[in-house]
Amino acid sequence: MRSNELALAAIEAALEKKALEPVLIDVTEKGTYTDYILVVSGRSDRHVQAVADGVLEAIKSEAGTLPIGVEGKRDGHWVLLDFGDLIVHVFYHPMREFYDLEGLWVDAPRVQLDVPPESRIQANDAYG
């Protein structure tokens, strides 16, 4: 499975688990360690863990690929899944805002995604 197909499978799996605000960053021209960075949010630590589990399971079943590394899954505030050509960050949303990974890659192109309205954070949503 090519890296862009892997990324799209991860997005689909994350959205099936009700992940919020997915952003897919294309770093093929910016770095050598990966092609895509996917950043998504969860509403709680348990939600973060469920999204990460969903992505892991989908990539394993669809692509037959196991991650090179998994970090933070037990804590649930920030889970990193390293699939080589794809890095997935699943954040508890306030942690995502604090660390602002998207800001580090402000000059890298974003892949246009069709995100359902229920996966968008509303202005009146409260966290913490």
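# A tour from S44 to the helix pair

Select S44: at a relative accessibility of 28%, S44 counts as partly exposed. The three classes used on this tour are buried (under 20% relative accessible area), exposed (over 50%) and partly exposed (in between), found with a 1.4 Å probe on protein chains only. The model is predicted, so local features need a pLDDT of at least 70 and side-chain atom pairs count only at pLDDT 80 or more, while totals for chains, interfaces and linings use all residues. Residues are numbered from 1 along each chain as its sequence is written, and side-chain values use heavy atoms, with hydrogens and water left out.

**Around S44**

S44 sits in the loop between β2 and α2. Helices (H or I, at least four residues) and strands (E, at least two) are DSSP runs, numbered from the N terminus. Now add G76 and Y92 to the selection: S44 touches both, when residues up to four places away in sequence are not counted. Touching, or contact, means heavy atoms within 4.5 Å. Then pick H77, which is 33 residues from S44 in sequence but 7.8 Å away in space, C-alpha to C-alpha.

**Two loops and a strand**

Go next to T32, in the loop between β1 and β2. T32 is exposed, with a relative accessible area of 85%. A distance to draw here runs from the C-alpha atom of T32 to that of D85: the two are 53 residues apart along the chain and separated by 9.4 Å.

Move to K18, in the loop between α1 and β1 (20-26). K18 is exposed, at 52% relative accessible area. Its phi is positive, about 65 degrees, although K18 is not a glycine. Another residue other than glycine with a positive phi is E21, where the value is near 50 degrees. E21 lies in strand β1. Is E21 buried or exposed? It is buried, with a relative accessible area of 18%.

**Strand β4 and its surroundings**

Select D82 in strand β4. Leaving out residues up to four places away in sequence, D82 touches P67, I68, G69 and I87. The C-alpha atoms of D82 and I68 are separated by 5.4 Å, though their positions lie 14 residues apart along the chain as a sequence separation.

Now select L56, in helix α2. L56 is buried, with a relative accessible area of 18%. Its contacts, again without residues up to four places away in sequence, are P67, V70, K73, L81 and F83. From L56 to L81 the C-alpha distance is 7.9 Å, and the two are 25 residues apart along the chain.

**The nonpolar cores**

A nonpolar core is a set of buried Ala, Val, Leu, Ile, Met, Phe, Trp, Tyr and Cys residues joined through side-chain atoms within 4.5 Å. Show L38, V55, L81, F83, L86, V88 and V90: of the 29 residues in the largest core, these touch the most other members. Two or more residues of this core come from each of α1 (3-16), β2 (36-42), α2 (45-63), β4 (78-82) and β5 (86-92). Which element gives the most to this core? It is α1, with 8 residues.

Stay on L86 and show what it touches beyond four places in sequence: L6, A7, A10, T34, Y36, L38 and L81. There is also a second, separate core of 10 residues, V27, I37, F91 and W105 among them.

**The helix pair**

Finish with α1 and α2. Their axes (lines fitted to C-alpha atoms, for helices over the stretch in contact) come within 8 Å and cross at roughly 135 degrees; angles run from 0 to 180 degrees between N-to-C directions. That makes α1 oblique to α2. Angles under 35 degrees count as roughly parallel, over 145 as roughly antiparallel, 65 to 115 as roughly perpendicular, and the rest as oblique.

The crossing of α1 past α2 is right-handed: the near helix is turned clockwise from the far one by less than a right angle, whereas anticlockwise would be left-handed.

To see the contact, select L6, A9, A10, A13 and A14 in α1, then V51, G54, V55, A58, I59, E62 and A63 in α2, which they meet. By class, this contact has 10 nonpolar, 1 polar and 1 charged residues. Ala, Val, Leu, Ile, Met, Phe, Trp, Tyr, Cys and Pro count as nonpolar, Asp, Glu, Lys and Arg as charged, and the others, including Gly, as polar.
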